[in-house]
Amino acid sequence: MTRAMRIAKLVVLLASQLAIVAAMSGCSIQPWVKPYEREHLADPIMAFDRDPVSSAYLDHVFDAREGARGATGGAGGGCGCN
Amino acid sequence: MTMSRIARVLTGRPGKLLALALLAFIAAGHGGAAFAGVLAEDRADALYHRYQGGGVEIQGPSVLIRKKIGENFAVNANYYMDFVTSASIDVKLSASQYKEQRTQKSLGFEFLHGKTTYTANVIDSKESDYVADTAAFGLSQDMFGDLTTVSLGFRRGWNHVYRNIKNADGGKERDPTFAEQMDTRAYTLGISQILTRNMIASLNVEAITDEGYLNSPYRSVRYVEPGDPRGFALQREIYPRTHTSNATAVIVKYYLPWRAAIEGNYRFYSDSWGVNANTLDVTYTHPWRRWIFDGRLRYYTQTQADFYSDLFPRLNYANFLARDKELASYTGYTIGLGASYEFSIPGAPKWIQKSTLNARLDHILIDYDNFRDATKTDPGNGIFAGAEPLYKLNANVFQLFLSVWF
């Protein structure tokens with residue numbers, strides 16, 4: 001097993017445990033950035049993927065020219081700033 | 001738990017970990033969501049793209065539409081085409097220039113339930129010698145007061161590989177004696193995290209595994225052949241029938257005090273063929289009046305695959321043989337500039353809320369460390385096989401697109 005594979009699995013495991021803890025605690029963790037403090041994060045220039053039609057095309061170009069692939073997608077709609 | 005214990009736990013199959021993650025997801029999704037999430041805005045994009053470099057020209061349209069149906073359901077559809085004219089260095093060496101067309105259609109569904117978004121996508125891609133069908137499923141969960149979003153995804157691809165040959169009329173047709181398959185499975189994990197009121201970060205991990213016919217039915221490798229006037233001869237490439245890769249990317253985006261944004265993206269990649277790659281990507285975004293400008297610098301470097309060689313010592317030198325330049329050792333640089341202009345479409349109906357016209361140009365330069373330009377072999381002038389100049393790729397990627405929010 002490669003080092004990268006071990007790191008990837010460690011991340012999955014830790015994220016899972018984090019989610020379980022969150023569920024058991026009834027999501028009682030208080031956000032340290034309040035919803036009314038997310039004005040800058042809600043600005044369109046802060047979107048990870050502002051133009052999906054363009055970024056999908058460029059990702060495809062790099063995929064075709066390079067040996068590496070994957071992990072290019074954002075976590076998806078998740079800045080909590082909507 | 002000690003690190004060695006963690007390592008032992010983590011030696012199980014990825015599927016077990018994903019099952020655990022899925023369980024955690026479901027638990028978190030029902031752990032007392034107080035506020036519902038929101039689906040992305042309704043939007044349509046019409047894009048023209050053009051790639052030109054290394055003797056290859058690819059252009060075509062892409063249209064993407066996404067529409068909410070009520071507050072909890074959304075549909076998106078994409079129609080994409082490539083018109084390819086290729087006289088690449090591979091083609092020049094072992095085949096003749098060709099024209100090809102690829103059409104890709106995709107349909108996606110999103111369903112929002114509380115703070116959980118479920119997605120399903122199907123993609124169909126067709127060209128005369130390659131048919132690919134893909135199905136993808138994903139879910140994402142907002143948590144910790146919407147500071148964190150965790151996403152999980154699974155993608156399965158079924159690919160049919162054919163080979164075109166010249167027919168009696170000089171046109172092309174499928175070789176009836178050749179038909180292969182290749183299957184893909186991909187597992188993704190994403191965590192997006194608000195760090196401060198000006199900073200957001202994302203971690204993406206993706207493991208992809210392929211099984212089946214993975215090389216090109218056209219490409220050749222070259223080997224030393226003293227009896228040939230060029231000093232080398234060609235044979236078909238042979239790849240392993242499995243390929244597994246892991247990629248981990250970290251993205252950090254920061255809002256600057258003068259209303260601008262800077263994004264840094266680092267990705268580490270490794271695979272079972274011995275390729276290790278690093279990608280570093282920095283984008284600066286600067287709005288000005290009705291404009292938004294983007295500047296991008298991207299650095300990419302990779303090591304070669306274990307079974308790659310520019311020139312093998314003899315025929316059938318090893319079980320696996322590759323001379324695909326994408327499996328060579330090289331470094332690539334990309335510089336990109338984009339501009340977006342927000343305007344009102346004259347006479348547009350009221351339901352169109354916003355529209356932008358966007359242009360983007362990216363220049364890609366790749367310096368190969370061990371892929372030579374075999375078309376320049378000229379023993380009469382002292383340029384022998386294996387001593388040709390190293391190949392460089394210069395390519396321009398242009399995009400022009402119109403976006404409408406409604």
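Trainee: How many residues lie between E12(B) and E13(B) in their hairpin, and which residue in the turn has a positive phi?

Mentor: In this predicted model, three residues separate the two strands of the hairpin, and B:Arg259, which sits in the turn, has a positive phi of about 55 degrees. The strands on either side, E12(B) and E13(B), run antiparallel and are joined by 12 bridges, and as one point of register you can take B:Ala249, which stands opposite B:Arg267 in E13(B).

Trainee: Which other strand is joined to residues 242-256 of chain B, and by how many bridges?

Mentor: Strand E9, covering residues 199-212 of chain B, is joined to E12 by 13 bridges, again in an antiparallel arrangement. Here the register can be read from B:Ser202, which stands opposite B:Ile251 in E12(B). When you follow such strands residue by residue, keep in mind that in a regular strand the side chains alternate between the two faces of the sheet.

Trainee: What does the secondary structure of each chain come to?

Mentor: Chain A has three helices and zero strands, so to speak an α-α-α order when read from the N terminus, while chain B has three helices and 18 strands. The C-alpha atoms of chain B fill a box of roughly 75 × 65 × 45 Å along the principal axes, and of its contacts between residues at least 6 apart in sequence, 57% join residues at least 24 apart.

Trainee: What share of the residues in each chain is buried, and which residues have the most contacts inside the largest nonpolar core?

Mentor: Buried residues account for 45% of the 82 residues in chain A and for 31% of the 406 residues in chain B. The largest nonpolar core has 57 residues, and those with the most contacts inside it are A:Met46, B:Ala305, B:Tyr308, B:Ala322 and B:Leu327, so that both chains are represented by name. Taking B:Leu327 as a worked case, and leaving aside its neighbours within four places in sequence, you find it in contact with A:Gly67 as well as with B:Val275, B:Gln304, B:Ala305, B:Tyr308 and B:Ala322.

Trainee: Where in chain B does the pLDDT stay under 50?

Mentor: The chain as a whole has a mean pLDDT of 90, with 91% of its residues reaching 70 or more, but over residues 1-15 of chain B the pLDDT stays under 50, and the model has 12 contacts beyond four places in sequence for them. Residues 17-35 of chain B also have a pLDDT below 50, with 41 contacts beyond near neighbours in sequence. For the complex, the predictor gives an ipTM of 0.89 and a pTM of 0.86.

Technical notes. Residues numbered from 1 in each chain as written. Chains lettered and ligands numbered in written order. Predicted model: local features only at pLDDT ≥ 70, side-chain atom pairs only at ≥ 80, totals over all residues. pLDDT = per-residue confidence, 0-100. Contact = placed C-beta atoms within 7 Å. Core = buried A, V, L, I, M, F, W, Y, C linked by C-beta atoms within 7 Å. Buried ≥ 20, exposed ≤ 12 C-beta atoms within 10 Å, placed from the backbone. Pairing = 2+ DSSP bridges. Helix = DSSP H or I, 4+ residues; strand = E, 2+ residues; numbered from the N terminus.
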